[in-house]
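Q: Please go through this structure label by label. For each one, say what the label rests on.

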Amino acid sequence: MMSARTRPKYLDLARIRLPVPGFVSILHRISGAALFLFAGVLLYLFQLSVQSAESYEHFRALAGHWFVKLFLTGMLWALLHHFFAGMRFLLLDIHVLGDLRQARATSWIVLAASLALTVVLGACIW
Amino acid sequence: MVKRVVVGAHYGLKDWLAQRITAVVMALYIAAFAGILLICPPQGHEGWRALFQNQFMRIATFVFFISLFWHAWIGVRDIFMDYIQPTSIRLAAEVVAVLVLVAYTGWAIQILWSL
């Protein structure tokens, strides 16, 4: 057996095929990082929406732009995915739905539910 | 002797638990918020503003923001611990993240209490 030191690394990201639960897990990380990176923008938009009647109009004008809509739709997906995947992790923490078949099934549910709700709620944005 | 790195994990259950508890607090807030939007959607700017002027809602939103920023800190720190190996760069990144989150906290307070 090779020692840990000489063992070759195989980290070709393009060729790694993650199982579904691993896919949900890395998306949970990516969506969390995205929410952190754009938290300031979201806080600013929230401020505009509540501050005053004028700032509200400014918010509505901004939110009417296709690029802002696209951004908000992306944030909506990130929030929903992070939310549902997080719920799944909480359940796993208390040893619920943890065997392999269930873990795969709940992973698909998380992916489908967050995409479906993004479409439904995203329709309100567009 | 155990090698301790200043930007390493603090070997604690505390952060792990805080991440879960803040997650539950946020989930409860989001569920209640979604319920409000479904049952009696606020009308226009006046309704939207009035929602957060309500003292209970203001405090609940404040607790939500504190949970959010605390939760974000643990998550971002985990990401830095995984991908940023040099101690100095990781420490700098952690300091920036903390400062940003503290600034957001002040900003959130200002937004909520100036309504």
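A: Of the 115 residues of chain B, 13% count as buried. A residue is buried if 20 or more other C-beta atoms, placed from the backbone, lie within 10 Å of its own, exposed if 12 or fewer do, and partly exposed in between. This is a predicted model, in which local features need pLDDT of at least 70 and side-chain atom pairs count only at pLDDT 80 or more, while totals for chains, interfaces and linings use all residues. Residues are numbered from 1 along each chain as its sequence is written, with chains lettered from A and ligands numbered from 1 in the order in which they are written.

Q: What percentage of chain A counts as buried?
A: In chain A, 21% of the 126 residues count as buried.

Q: Which elements make up the two chains?
A: Chain A has five helices and zero strands, in the order α-α-α-α-α from the N terminus. Chain B has four helices and zero strands, and its order is α-α-α-α. Both kinds of element are DSSP runs numbered from the N terminus: helices are H or I with at least four residues, strands are E with at least two.

Q: Why is chain A called more spread out than a compact globule?
A: The radius of gyration of chain A is 19 Å, and the globule rule gives 14 Å for 126 residues; the value is well over the rule, so the description holds. The radius is taken over C-alpha atoms, and the rule is 2.2 Å times the number of residues to the power 0.38. Along the principal axes, the C-alpha trace of chain A spans about 70 × 35 × 25 Å.

Q: What does chain B have for a radius of gyration, set against a compact globule of 115 residues?
A: Chain B has 18 Å, whereas such a globule would have a value near 13 Å. The C-alpha atoms of chain B fill a box of roughly 60 × 25 × 20 Å along the principal axes.

Q: What makes H2(B) roughly perpendicular to H3(B)?
A: The axes of helix H2 (residues 44-53) and helix H3 (residues 55-83) of chain B come within 5 Å and cross at roughly 75 degrees. Angles of 65 to 115 degrees count as roughly perpendicular, under 35 as roughly parallel, over 145 as roughly antiparallel and the rest as oblique. The crossing angle therefore makes H2(B) roughly perpendicular to H3(B). Such axes are lines fitted to C-alpha atoms over the stretch in contact, and angles run from 0 to 180 degrees between N-to-C directions.

Q: Which residues make that contact between H2(B) and H3(B)?
A: H2(B) brings Leu51(B), Phe52(B) and Gln53(B), and H3(B) brings Met57(B), Arg58(B) and Thr61(B). In contact means that the C-beta atoms of two residues, placed from the backbone, lie within 7 Å. By class there are three nonpolar, two polar and one charged residues. Nonpolar covers Ala, Val, Leu, Ile, Met, Phe, Trp, Tyr, Cys and Pro; charged covers Asp, Glu, Lys and Arg; the others, Gly among them, are polar.

Q: How many residues of each chain are in contact with the other?
A: 15 residues of chain B are in contact with 16 residues of chain A. On the chain B side, H1 (13-39), H2, H3 and H4 (87-113) each supply at least two residues. That side divides into eleven nonpolar, two polar and two charged residues.

Q: Which element gives the most to the largest nonpolar core?
A: H4(A) does, with nine residues. The core has twelve residues in all, among them Val24(A), Trp77(A), Phe84(A) and Val110(A). A nonpolar core is a set of buried Ala, Val, Leu, Ile, Met, Phe, Trp, Tyr and Cys residues joined through C-beta atoms within 7 Å. A second, separate core of ten residues includes Phe36(A), Leu68(B), Trp73(B) and Val76(B).

Q: Why is Trp66(A) called exposed?
A: Trp66(A) has 8 other C-beta atoms within 10 Å, so it is exposed. Trp66(A) is found in helix H4 of chain A.

Q: What sets His95(A) and Leu97(A) apart in their backbone?
A: Neither is a glycine, yet His95(A) has a positive phi of about 60 degrees and Leu97(A) one of about 55 degrees. Most residues other than glycine have a negative phi. His95(A) lies in the loop between H4 and H5 (100-125) of chain A, as does Leu97(A).

Q: How do you know whether His95(A) and Leu97(A) are exposed or partly exposed?
A: His95(A) has 8 other C-beta atoms within 10 Å, so it counts as exposed. Leu97(A) has 14 C-beta neighbours inside 10 Å, so it counts as partly exposed.
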